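User: I'd like to learn how to read a structure like this one feature at a time. Could you walk me through it?

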Amino acid sequence: MNEMINNGIVDRIRKQPGNLKYEYFIPFEEEGKILLIDQWSSQHALDVHHRSPMMQAIIDLRNKYELEMVVERFTEDNKSITSNNKKILSNIFY
């Protein structure tokens, strides 16, 4: 989290078109865990983010620190999750 912030990755993500929220939280009762909440204006904006160079930086940091990630996605309409997005998420996070 600190490296993401200090390297300017978080600021660049927040400036991407369609980014509504990109915030970190530390759960009080779950030491060693970080919660990231990001929100996008549309599926297209999220897809563009997933194809951006910042995703490789995120993957590199995840590998550097041997981080495990759990992704939960909440949408108003499950039909908005495209097959392309499912493929991207499975390649990045699992």
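**Reading the model feature by feature**

Analyst: Sure, let's start with a backbone detail: right after α4, Glu66 adopts a positive phi of about 50°. Keep in mind that this is a predicted model.

User: Where does Glu66 lie, and is Glu66 buried or exposed?

Analyst: Glu66 lies in the loop between α4 and α5 (83-93). Glu66 is exposed, with a relative accessible area of 72%. Its phi is a positive value in a residue other than glycine.

User: Let's zoom out. Which elements does the protein have, and in what order?

Analyst: There are 5 helices and 2 strands. Reading from the N terminus, the order is α-α-β-β-α-α-α.

User: And how much of the protein is buried?

Analyst: Of its 94 residues, 30% count as buried. On the surface side, the protein exposes about 7200 Å², and carbon and sulfur atoms supply 51% of that area. For contacts, look at sequence separation: among those with a separation of 6 or more, 46% come from residues 24 or more positions apart.

User: Back to α4, then. How do I check a helix for sensible geometry?

Analyst: Compare the expected rise with the end-to-end distance. At 1.5 Å a residue, the 12 residues of helix α4 (residues 53-64) should span 16 Å, and the end C-alpha atoms of α4 are 17 Å apart, which agrees.

User: Which residues of α4 are buried?

Analyst: The general idea comes down to periodicity: an α-helix has 3.6 residues a turn, so residues three or four places apart point the same way. In this case, the buried residues of α4 are Met54, Met55, Ile58, Ile59, Leu61 and Arg62. They cover an arc of only 165° around the axis, which puts them on the same side of α4.

User: What does the face of α4 turned away from that buried side carry?

Analyst: That face carries the exposed residues Pro53 and Lys64. For Lys64, the relative accessible area is 52%.

User: How does α3 compare as a reading exercise? How many of its residues are buried?

Analyst: For a short helix, simply count. In helix α3 (residues 43-50), 6 of the 8 residues are buried, so α3 is largely enclosed by the rest of the structure. The buried ones are Gln43, Ala45, Leu46, Asp47, His49 and His50.

User: Now the salt bridges. How many are there, and which side chains meet?

Analyst: To read one, look at which side chains pair up, then ask what parts of the chain they belong to. A search of the whole structure finds 2 salt bridges. In one, the side chains of Glu3 and Lys64 meet at 3.1 Å, N to O. Glu3 lies in helix α1 (residues 2-6) and Lys64 in helix α4, so the pair ties together parts that are 61 residues apart in sequence. Glu3 counts as partly exposed, at 23% relative accessibility.

The other salt bridge joins the side chains of Lys33 and Glu30, at 3.0 Å, N to O. Both ends have some access: Lys33 counts as partly exposed at 47% relative accessibility, and Glu30 counts as partly exposed at 38%.

User: What about Met4: where is it found, and is it buried or exposed?

Analyst: Met4 is found in helix α1. It is buried, with a relative accessible area of 6%. For a residue like this, list its contacts and skip the sequence neighbours. Leaving aside residues within four places in sequence, Met4 is in contact with Ile9, Val10, Ile13, Tyr22, Tyr24, Ile58 and Leu61. Ile58 and Leu61 are among the buried residues of α4. You can also check a C-alpha distance: Met4 and Met54 are 50 residues apart in sequence and 9.8 Å apart in space.

User: Last one: which residues make the nonpolar surface patch?

Analyst: Phe25, Leu35 and Ile37 make a nonpolar patch of about 240 Å² on the surface. Take the members in turn. Phe25 lies in strand β1 (residues 19-25) and is partly exposed, with a relative accessible area of 36%. Leu35 lies in strand β2 (residues 35-40) and is partly exposed too, at 42%.

User: What does Phe25 touch?

Analyst: Not counting residues up to four places away in sequence, Phe25 touches Ile34, Leu35 and Ile37. For a backbone view, Phe25 and Leu36 are 11 residues apart in sequence and 6.3 Å apart in space, C-alpha to C-alpha.

Conventions: Residues numbered from 1 in each chain as written. Predicted model: local features only at pLDDT ≥ 70, side-chain atom pairs only at ≥ 80, totals over all residues. Heavy atoms only, no water. Patch = residues over 30% accessible without salt bridge, like charges linked within 9 Å, V, L, I, M, F, W, Y side chains within 5 Å. Areas by Shrake-Rupley, 256 points an atom, 1.4 Å probe, with all protein chains shown as cover. Salt bridge = Lys/Arg side-chain N within 4 Å of Asp/Glu carboxyl O. Helix = DSSP H or I, 4+ residues; strand = E, 2+ residues; numbered from the N terminus. Buried < 20%, exposed > 50% of the residue type's maximum accessible area, 1.4 Å probe, protein only. Expected span 1.5 Å × (residues − 1). Arc of directions from axis to C-beta. Contact = heavy atoms within 4.5 Å.
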